[in-house]
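Q: Please take one part of this structure and go through it closely, in full sentences that a first-year student can follow. I would like to see how the strands, the turns and the interior fit into one description.

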Amino acid sequence: MGVSFIYPFNRQTKELEYYQLTTYDNLPKRGVKRIDLQYKNNRNQQSTERIFLVNQDKAVFALTGVCTHLGCLVNFNYHKNQFICPCHGGTYDISGKVISGPPNKPLKRLPIELRDGNVYVGLIV
Ligand code: FES
């Protein structure tokens, strides 16, 4: 597919754990793909994380689905090409930047990496 990955920060953070998110073949060819990742955290508890993989101009990055206002889970509206928060109507563009509403910070980017044909996402657990 010929995409590059965008990393939000250096990978040296100790609390980061990488979890398999999908395969390279299942990356979005363009636009947005939502994945509700189920995983066991480092206390062996089952957790779920809403993650959006975004392919924008052949660069792939991952956004958390947690609204930066008060933490509701956002959805992606394919008609409007925006992330929309159901709680107070905050909207974000496809790169996660705030368009309108109460949020004053963009959706957080998550580190992703490719290993053996699989895509892993780094979560702070
Ligand atoms: S929690 Fe998302 S707009 Fe308030």
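A: What follows is a close look at one sheet, the hairpin and the core.

The model is a predicted one, in which local features need pLDDT of at least 70 and side-chain atom pairs count only at pLDDT 80 or more, while totals for chains, interfaces and linings use all residues. Residues are numbered from 1 along each chain as its sequence is written.

To begin with the sheet, three strands form an open arrangement in the order β2-β12-β11, and their pairing is antiparallel. Strands here are DSSP runs of E with at least two residues, numbered from the N terminus, and two of them pair if DSSP finds at least two bridges between them. In general, the strands of a sheet pair through backbone hydrogen bonds, in a parallel or an antiparallel way. β2 (16-23) and β11 (112-115) stand at the edges of this sheet with a single partner strand each, so one side of each has no neighbour in the sheet. On average, and with direction ignored, neighbouring strands of this sheet are turned by 35° against each other, where the axes are lines fitted to C-alpha atoms and angles run from 0 to 180 degrees between N-to-C directions.

β11 and β12 (residues 118-124) pair in the antiparallel sense over four bridges, and Arg115 has Asn118 of β12 as its bridge partner. The loop between β11 and β12 holds Asp116, whose phi is near 50°, a positive value in a residue other than glycine. Most residues other than glycine have a negative phi. Asp116 counts as exposed because 8 other C-beta atoms lie within 10 Å; a residue is buried with 20 or more other C-beta atoms within 10 Å of its own, exposed with 12 or fewer, and partly exposed in between, the C-beta atoms being placed from the backbone.

The hairpin comes next. Strand β3 (residues 31-40) and strand β4 (residues 46-56) run antiparallel and are joined by ten bridges, with Tyr39 standing opposite Ser47 in β4. Five residues lie between the two strands of this hairpin, and in the turn Asn44 has a positive phi of about 65°. After β4, the loop that leads to β5 contains Asp57, which also has a positive phi, near 55°, and which counts as exposed because it has 7 C-beta neighbours inside 10 Å.

The interior can now be added. A nonpolar core is a set of buried Ala, Val, Leu, Ile, Met, Phe, Trp, Tyr and Cys residues joined through C-beta atoms within 7 Å. The largest such core has 20 residues, and Ile51, Ala62, Leu63, Leu110 and Val121 have the most contacts inside it. Two or more of its residues come from each of the elements β4, β5 (59-64) and β12. This core also draws at least three residues from each of domain 1 (1-66 + 109-125) and domain 2 (68-107), bounds that come from an automatic or database domain assignment.

Ile51 shows how such surroundings are built up: leaving aside its neighbours within four places in sequence, Ile51 is in contact with Leu21, Ile35, Leu37, Ala62, Thr64, Gly65, Leu110 and Val121, a contact being a pair of residues whose C-beta atoms, placed from the backbone, lie within 7 Å.

Conventions:
Contact = placed C-beta atoms within 7 Å.
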